[in-house]
Amino acid sequence: MLNLVLFGAPGAGKGTQADFLIEKLKLTHLSTGDLLRSEIAAKTELGLEAKRLIDKGFLVPDSIVIGMIKSKLLENKDANGYIFDGFPRTVEQALALDELLEENGSSVSGMLCLCVDKEELINRILSRGKTSGRADDQDVSIIRNRIKVYNEKTDPLRNYYSAQNKYHKIDGMGSVNEIAQRLIDTVATL
Ligand code: B4P
């Protein structure tokens, strides 16, 4: 079973490349960002709490996102494998993912980290903000906060996966197709 963690700073291209990888590899896509945005759109209690945090560039509590991933794994038990997009984002989430996969006799096959320059991240997000309608995409100070939170809470996961020999650094600069090819070349080595 192929289980990929697609990793990177906000705007690094996770969602963009996940769309390509699910098509190419026939994996099930689990994006915590998308799951949270559908809760927000449905105006659920969870969605309202998540929106308050997301709009300011903060992470949603671990218990919420871990619960969402757990129920999606149960719903998609027959999948060939999964692409975890934007999850895990903290060490606690990474530990929970390992446990959840282990319960199914499975594990993370590799963590693919898209590396992109900070100014490019900001430009990509601002450009998406012109059409996405996302409050967290439109304000430079919120985007900078997202990157700060990433550096503090999420970036340490590179060490977590390195220690398991599962960390793969991918150059995330260039065209979408060039980056997709780098990802496919790396997945072929797993
Ligand atoms: P996400 O939905 O994961 O948001 P993201 O990091 O902005 O998305 P992504 O990285 O996928 O965007 P992409 O680069 O593809 O999370 C949103 C928020 O939800 C988080 O800030 C957090 O508050 C919360 N959240 C989500 N998961 C959580 C978790 N596990 N724990 C706690 N909180 C969580 O796209 C960016 C733009 O770049 C697009 O417009 C795209 O078209 C463009 N782009 C992509 N590749 C490009 C390229 N090569 N060249 C030029 N442009 C490119």
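This is a short tour of the ligand and the pockets in a predicted model.

**Stop 1: the ligand.** Select the ligand and show what surrounds it. There are 29 residues around the ligand, and G13, G15, T32, F58 and R146 come nearest. By class, this shell holds 12 nonpolar, 10 polar and seven charged residues.

**Stop 2: polar atoms facing the ligand.** Now select G13, where a backbone N or O atom lies 2.4 Å from an oxygen atom of the ligand. Move on to K14: one of its polar side-chain atoms is 2.9 Å from an oxygen atom of the ligand. Then pick Q93, whose side chain has an N or O atom 2.9 Å from a nitrogen atom of the ligand. Taken alone, the ligand exposes 980 Å², and the protein buries 87% of that.

**Stop 3: the helices around it.** Which helix gives the largest share of the shell around the ligand? Color helix 2 (32–41): it supplies four residues, the largest share. Helix 1 (14–25), helix 6 (118–132) and helix 9 (176–187) each supply at least two.

**Stop 4: the largest pocket.** Hide the ligand to view its site, since the ligand sits in the largest pocket. About 790 Å³ of space lies there. Of its 39 lining residues, K14, R89, R128, R134 and R146 are closest to the centre. Elements that give two or more residues to this lining include strand 2 (28–31) and helix 7 (140–154).

**Stop 5: the second largest pocket.** Finally, select A9, C115, V116, L121 and Y150, which lie nearest the centre of the second largest pocket. This pocket has about 160 Å³ of space, and its lining counts nine nonpolar, one polar and three charged residues. Strand 4 (110–115), helix 6 and helix 7 each supply at least two of them.

Methods
Residues numbered from 1 in each chain as written. Predicted model: local features only at pLDDT ≥ 70, side-chain atom pairs only at ≥ 80, totals over all residues. Heavy atoms only, no water. Near = heavy atom within 4 Å. Polar contact = N/O pair within 3.5 Å; in protein donor to acceptor, adjacent residues only side chain to side chain. Areas by Shrake-Rupley, 256 points an atom, 1.4 Å probe, with all protein chains shown as cover. 1 Å grid on protein atoms, 1.4 Å probe; cavity = no way out; pocket = protein on both sides within 12 Å on 5 of 7 lines; lining within 4 Å. Sits in = over half its atoms within 2 Å of the grid points. Nonpolar A, V, L, I, M, F, W, Y, C, P; charged D, E, K, R; others polar. Points joined across faces, edges and corners; volume = space filled by probe spheres on them.
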